[in-house]
Amino acid sequence: MINYVDPSQVQGLSVRNMNGGDTGDRRVHVAYPSVDGAPRLSEKIRRTVTERLDRFTRDTSMNTALPHPEFNVDWQLAAASDQVIGVRLRTGESLGAGWAESRTTVWYDRVERRALDSAALLGGDAALAELARIVRESLNGKGARVDPRAVRPDAELFDSLSFNPRGELVVEFDDYQVAGADLGRVAVAVPAAEVAPLLSATGLRAQRAAAETARTSPPIESYESIKAAHPVKPPARSSEAGSVDCARVKCVALTYDDGPGPDTGRLLDTLARAGARATFFSAGSNAAARPELLWRMRQEGHLVANHTWSHRDLTSLSSSRIADQLDRAQYTIAQATRQVPTLMRPPYGASSIQVASVARRLGLSVVRWSVDTEDRRDRDPGAIADRTVSRARPGAIILMHDVHGATVDAAPEIVRRLQEKGYTFVTVPELYGSRGMEPGRTYDSAASGGGSGESGSVTRALEKQAMP
């Protein structure tokens with residue numbers, strides 16, 4: 001196991017997102033870190049991800065009958081010191097059936113100012129050949145489902161190398177490289193004494209960084225034990241809740257997905273100047289990197305809600321994996337805001353009876369939208385503002401994304417023009433007034449109830465599915 005670094009402790013780190021632009025039925029979400037002073041690292045990660053996304057797009061373009069193919073990239077920090085940074089990317093792909101994961105760890109040597117593949121942790125071709133031999137021997141006898149013969153001295157095969165706290169080199173393989181996907185993650189830990197002669201200067205720096213992380217990090221606890229050790233927090237509530245009666249006032253709810261991103265702070269500045277409030281559906285992995293922004297949201301009257309951990313299409317997951325996606329984000333957001341979210345938005349708006357059932361168990365209402373600004377496909381702030389203003393109606397839930405700079409650029413114009421039309425900006429629960437929102441129920445607009453209406457067509461469709 002790798003002792004990952006807490007990204008909130010790395011100065012100058014922000015998260016960048018890619019969603020693939022106009023991807024049709026493809027469901028694409030990519031998140032990766034950017035660190036001040038290391039632009040070459042960000043560029044290498046971007047190239048690595050783009051190459052895989054381009055291949056995925058080509059593969060899915062050849063078969064238009066595939067049901068919602070999905071491409072998802074999340075990340076963790078394998079190491080972060082004043083000498084090296086290691087970023088582990090986990091890429092998941094589904095071409096309509098099944099799910100396969102690949103793992104790539106990219107390194108940045110701050111001493112040499114170079115962004116490197118994992119194989120650069122080794123001292124050359126001879127070291128790579130020796131590592132391949134050690135790994136083959138480690139995999140021998142692991143059962144018929146593992147094929148040691150597939151291990152060869154190929155840099156592309158050894159593209160995810162990092163270190164655990166004991167200084168052992170952890171070699172990770174992609175699904176189907178040495179075993180089938182049903183076996184899960186296959187990894188080998190090579191003892192520190194064996195690997196030391198094989199390491200390059202960068203490799204030695206990375207090994208030291210992992211040991212430093214282990215010394216300065218708290219003991220590793222299970223996720224469940226961490227949750228159990230912390231007191232129960234109150235349900236999420238805007239500090240301005242109840243200050244607007246949407247049964248009497250024209251209200252809309254601005255909602256922002258996927259963040260926090262590099263421009264979220266600038267968006268909060270805009271909203272503060274206008275006295276406008278919003279609901280932020282934060283991705284857990286992004287929230288973990290910028291908890292201070294979530295705290296600011298709470299302090300300034302906004303509401304922070306759950307957008308899963310890594311933006312997976314929940315309708316393709318089992319109940320336990322849906323719960324894991326929501327629960328991990330729930331915990332991270334609660335730690336940052338000192339409140340437990342009561343709303344969730346399923347990525348891509350994709351929900352089902354199973355998703356709603358898990359949400360109900362976790363005390364979460366399911367929120368979709370009635371106005372799609374299409375900002376994920378458009379980088380023109382003026383066009384985004386025009387669509388938002390023209391489609392707004394009293395009680396509307398408006399979908400935007402705070403990870404897009406153009407969306408943040410459009411915010412002053414959106415707020416100004418809607419205020420001129422007499423709109424007041426509230427959080428989603430305030431649209432529904434005293435009636436409130438029920439866990440497990442799906443809401444997409446309050447337009448039909450004067451501020452306290454039923455959820456819209458999505459809820460009715462889900463309820464119809466549930467009928468015997």
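**Salt bridges in the predicted model**

Arg133 is partly exposed, with 31% relative accessible area. This residue belongs to a predicted model, and its side chain forms a salt bridge with that of Glu137, at 2.7 Å from N to O. Arg133 and Glu137 are both in helix H2, which covers residues 125–139. The two are four residues apart, or about one turn of the helix.

Side chains of opposite charge can pair when their charged atoms come close. With a nitrogen of Lys or Arg required to lie within 4 Å of a carboxyl oxygen of Asp or Glu, the model has 35 salt bridges.

Another of these joins Arg88 to Glu172, with 2.9 Å between N and O. Arg88 is part of strand S4 (residues 84–94) and Glu172 is part of strand S8 (residues 169–173), so this salt bridge ties together parts that are 84 residues apart in sequence. Arg88 and Glu172 are both buried, which means that each has under 20% relative accessible area.

A further salt bridge links the side chains of Arg248 and Asp245, at 3.4 Å from N to O. Arg248 counts as exposed because its relative accessibility is 74%, and the cut-off for that class is over 50%. Asp245, at 38% relative accessibility, counts as partly exposed.

Salt bridges also occur as a network. Asp386, Glu413, Arg416, Arg417 and Glu420 are linked in this way.

Methods
Residues numbered from 1 in each chain as written. Predicted model: local features only at pLDDT ≥ 70, side-chain atom pairs only at ≥ 80, totals over all residues. Heavy atoms only, no water. Buried < 20%, exposed > 50% of the residue type's maximum accessible area, 1.4 Å probe, protein only.
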